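Student: I would like to learn how to read the features of a structural model one at a time. May we begin with the aromatic residues and then turn to the strands and the cysteines?

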Amino acid sequence: IRDTSVTGVQTCALPILASEKCFYFSIQADEGTLFSLKQTEVGKSLGSKIGDICPSRTLETIDRSGNKGTFTLSENIGKITIVNFWATWCTYCVQEMPDFVKIQNEYSNVDVVAIHQGSSYSYSDTLSFINDSSRNQYKFTWAVGDSNDQYYKALGGGEGIPVSVLVGTDGVIFARYDQMTTYENLKRSEERRVGKECRSRW
């Protein structure tokens, strides 16, 4: 059993032997709540780099009707998740969003979690933003950054936004962009992920 700590997120690895391969389940204890990730091949650890298991955190969300809810990354295993840190005042953040829509339209199993950063965040600002008629096609999960931007830091965020972390169906980070990205970049990352996954089966 291996214990790891990343910015307040506690994990332990439980090895399981199956089909001549060793897997482990990463269980995160964060703020008194247990989160479980899907089995991942041994050798991977929790972190913010490509090839690491992506840390999970339960975040507050809001929809176009003003309803509040929660999102937990570890409960989204089986889908590709783009974890995007942004703000309404960030021009580059807003400019890249149509490319997220385009990639979602091409791949049905892609979710975008847009996490607003900064102490100036307010639900009213985000509601105004997402209810603009020009953004009706944005099928994102709109989330709120936690106190002191801990999740942003846990995922390798530094001083600026946008930051996008691409998480595979197994909970492992397969690409990241620490600046504005494009549809072409996202598509290439997904094609590399699929190619690598297919090669590993052989």
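Tutor: We shall begin with the aromatic rings, bearing in mind that this is a predicted model. A search of the whole structure finds 8 aromatic pairs.

Student: How is the geometry of the ring pair of W86 and F129 to be read?

Tutor: One considers the distance between the ring centres together with the angle between the planes; an angle from 30 to 60 degrees counts as tilted. Here the centres of the W86 and F129 rings are 4.9 Å apart and the planes stand at 45°, so this pair is tilted.

Student: Where in the chain do the two partners, W86 and F129, lie?

Tutor: W86 belongs to strand 8, while F129 belongs to helix 2 (residues 123-130). The two are 43 residues apart, and the pair thus links distant parts of the chain.

Student: Are W86 and F129 buried or exposed?

Tutor: The cut-off for burial is a relative accessible area under 20%. W86 has 0% and is buried; F129, at 8%, is also counted as buried.

Student: Which residues do ring pairs link into a cluster?

Tutor: The cluster consists of W86, F100, F129, Y138, F140 and W142. F129 has a further neighbour, for the charged end of R135 sits over its ring, 3.7 Å from the centre. A second case of this kind involves R193, whose charged end lies over the ring of F174 at 5.6 Å from the ring centre.

Student: Let us turn to the strands. How should one read the directions of side chains along a strand?

Tutor: In a regular strand, side chains alternate between the two faces of the sheet. In strand 9, V110, V112, A114 and H116 point one way, whereas D111, V113 and I115 point the other way.

Student: How many residues of strand 9 are buried, and what follows from that?

Tutor: In strand 9 (residues 110-116), 7 of the 7 residues are buried, so the strand is largely enclosed by the rest of the structure.

Student: Which strands pair with strand 9?

Tutor: Strand 8 (residues 80-86) pairs with strand 9 in the parallel sense over 7 bridges; within this pairing, N84 has A114 as its bridge partner. From strand 8 the chain passes through helix 1 (residues 91-106) to strand 9, a β-α-β crossover that is right-handed. Strand 10 (residues 141-144) also pairs with strand 9 in the parallel sense, over 4 bridges. There, A114 is partnered by W142. W142 is also one of the residues in the aromatic cluster.

Student: What is a disulfide, and how many does the search find?

Tutor: A disulfide is a covalent bond between the sulfur atoms of two cysteines. The search of the whole structure finds 1 disulfide. It is formed by C90 and C93, with sulfur atoms 2.3 Å apart. The link of C90 and C93 has 80° about the S-S bond and is right-handed.

Student: Are the cysteines C90, C93 and C54 buried or exposed?

Tutor: C90 counts as buried at 6% relative accessibility, and C93 does so at 0%. C54 is buried as well, with a relative accessible area of 1%.

Student: What composition does the protein chain have in helices and strands, and what share of its residues counts as buried?

Tutor: The protein chain has 4 helices and 12 strands, and 47% of its 202 residues count as buried. Among contacts with a separation of 6 or more, 57% involve residues 24 or more positions apart.

Key: Residues numbered from 1 in each chain as written. Predicted model: local features only at pLDDT ≥ 70, side-chain atom pairs only at ≥ 80, totals over all residues. Heavy atoms only, no water. Buried < 20%, exposed > 50% of the residue type's maximum accessible area, 1.4 Å probe, protein only. Pairing = 2+ DSSP bridges. Right-handed = clockwise from strand over helix to strand, strands pointing away. Phe/Tyr/Trp six-rings, centres within 6.5 Å; stacked < 30°, edge-to-face > 60°. Lys NZ or Arg CZ within 6 Å of the ring centre and 35° of its normal. Disulfide = S-S within 2.5 Å. Contact = heavy atoms within 4.5 Å.
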